Amino acid sequence: MLGSRCWKASGLSALVKQVWGPLQGSLPQPQRQCSQHSCTQRGKTPALHPLWTGPVSVPEGTRQSPINIQWRDSIYDPQLGPLRVSYDAASCLYIWNTGYLFQVEFDETAKGSGISGGPLENHYRLKQFHFHWGAADEWGSEHTVDGRAHPAELHLVHWNSVKYQSYKDAVMGENGLAVIGVFLKLGAPHETLQELVDVLPEIKHKDTRVALGPFDPSRLLPACQDYWTYGGSLTTPPLTESVTWIIQKQPIEVAQSQLSAFRALLFSAPGEEEKLMVDNYRLLQPLMDRKVRASFRVAAEGTRS
Ligand SMILES: [Zn+2]
């Protein structure tokens, strides 16, 4: 069902993303198309981030993430109801630089702070949210739609608090996690995001953190509730295939200055050689034997630009 708060997809994106070079040898190759514009990235050999120096290959993996979502191949499922989102702003703890991205942590014992409905059979409690982004506006998101990337992607990570005792247990278990993905596109400044951007200078270096809160991340969700969903994995080690992905169709708008603040963070710790925190996303993974379901009528979007 398309409401007035839902809109057509944006063409503001690129076809190819920069990748961590050495990963290409150990993981399935991305099924990403190429254009003349994006091919300017092909000659680059990005440095390997330390996050990926450990075992990152999943030889038997059948449902790895992220993936490219082919709009017309996604299947409308009328059983997919709206996602119910209710977060406890007071359970927000702190924001920190993990050395790979910046992340906002929540008290995982806060009952009732989380999501249910949509494709989920249980209540999933909010644990943390974080972003992935590129060095330039043409790439940065982990998921792509019709081969096109956005400059950044927000992930809200939740764990199945009905089936598991803790987030740690849920990470390794079946139906353990549910992650909402939200694309960021360039546009007007995002007021709620600015509350995070304002503190980023305080967590410039790896392993630095500052207290944050109260903060209700539902204010980072788009107005339109339409989403795609599929079974996948974490996109950082341990890459466990425990994730129900819920990818919002509508991106949120953020200002250039807000993205610039992301890119001013550092992968490095104080005293180390400064390395800008950019291109912190994983390669696209093969869809394999999976279907992407849509909560909205796919054919109705045929006229999008
Ligand atoms: Zn993520």
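# Close-up views of a predicted model

Across this predicted model the pLDDT averages 86, and 79% of the residues score at least 70. The protein contains 4 helices and 15 strands, and of its 305 residues, 44% are buried. Among the contacts with a separation of 6 or more, 76% are between residues 24 or more positions apart.

**View 1. Strand β7 and its partners, β5, β6 and β9.** Strand β7 covers residues 124–133, and 10 of its 10 residues are buried, so that the strand is described as mostly covered by the definition in which a buried residue has 20 or more other C-beta atoms within 10 Å of its own. With strand β9, residues 152–160, strand β7 shares 9 bridges, and the two run antiparallel; in this pairing F131 stands opposite L154 of β9. Strand β5, residues 102–106, is also antiparallel to β7 and is joined to β7 by 3 bridges, with Q103 of β5 having H130 as its bridge partner in β7.

**View 2. The hairpin made by β6 and β7.** Strand β6, residues 114–117, runs antiparallel to β7 and is joined to β7 by 2 bridges, and within this pairing G114 stands opposite R125 of β7. The two strands form a hairpin with 6 residues between them, and in the turn G118 has a positive phi of about 55°.

**View 3. Strand β13 between parallel and antiparallel pairings.** Strand β13 spans residues 243–248 and is mostly covered, with 6 of its 6 residues buried. Its side chains can be followed in two sets, since V243, W245 and I247 point one way from β13 whereas T244, I246 and Q248 point the other way, and all of them are buried. With strand β10, residues 177–186, β13 runs parallel and shares 5 bridges, and here the bridge partner of V179 is W245. With strand β12, residues 227–232, β13 runs antiparallel and shares 6 bridges, and in that pairing Y227 has Q248 as its bridge partner.

**View 4. Two loop residues with positive phi, N175 and L239.** Most residues other than glycine have a negative phi, and most peptide bonds are trans. N175 has a positive phi of about 50° although it is not a glycine, and it is placed in the loop between α2 (167–172) and β10. L239, likewise not a glycine, has a positive phi of about 60° and is found in the loop between β12 and β13. Is each of these residues buried or partly exposed? N175 counts as partly exposed because it has 18 C-beta neighbours inside 10 Å, whereas L239 is buried because 21 other C-beta atoms lie within 10 Å.

**View 5. Two cis peptide bonds, each leading into a proline.** S65 and P66 are joined by a cis peptide bond with an omega of about 5°, and P66 is found in the loop between α1 and β1. G213 and P214 are also joined by a cis peptide bond, here with an omega of about -5°, and P214 lies in the loop between β11 (209–211) and β12.

**View 6. T62 and the residues it touches from far along the chain.** T62 has its place in the loop between α1 (23–26) and β1 (68–69). Leaving aside residues up to four places away in sequence, T62 touches M288 and D289, and although T62 and M288 are 226 residues apart along the chain, their C-alpha atoms are separated by 6.6 Å. T62 nevertheless counts as exposed, because it has 12 C-beta neighbours inside 10 Å.

**View 7. P286 and I67, brought together from distant parts of the sequence.** P286 sits in the loop between α4 (256–263) and β15 (293–294). P286 and I67 are 219 residues apart in sequence, yet 6.6 Å apart in space, taken from C-alpha to C-alpha. P286 counts as partly exposed because it has 17 C-beta neighbours inside 10 Å.

**View 8. A stretch to be read with caution, residues 9–46.** Over residues 9–46 the pLDDT stays under 50, and for this stretch the model has 72 contacts beyond four places in sequence. Where pLDDT is low, the predicted coordinates should not be read in detail.

Notes: Residues are numbered from 1 along each chain as its sequence is written. This is a predicted model: local features need pLDDT of at least 70, side-chain atom pairs count only at pLDDT 80 or more; totals for chains, interfaces and linings use all residues. Two residues are in contact if their C-beta atoms, placed from the backbone, lie within 7 Å. Two strands pair if DSSP finds at least two bridges between them. pLDDT is the predictor's confidence in each residue, from 0 to 100.
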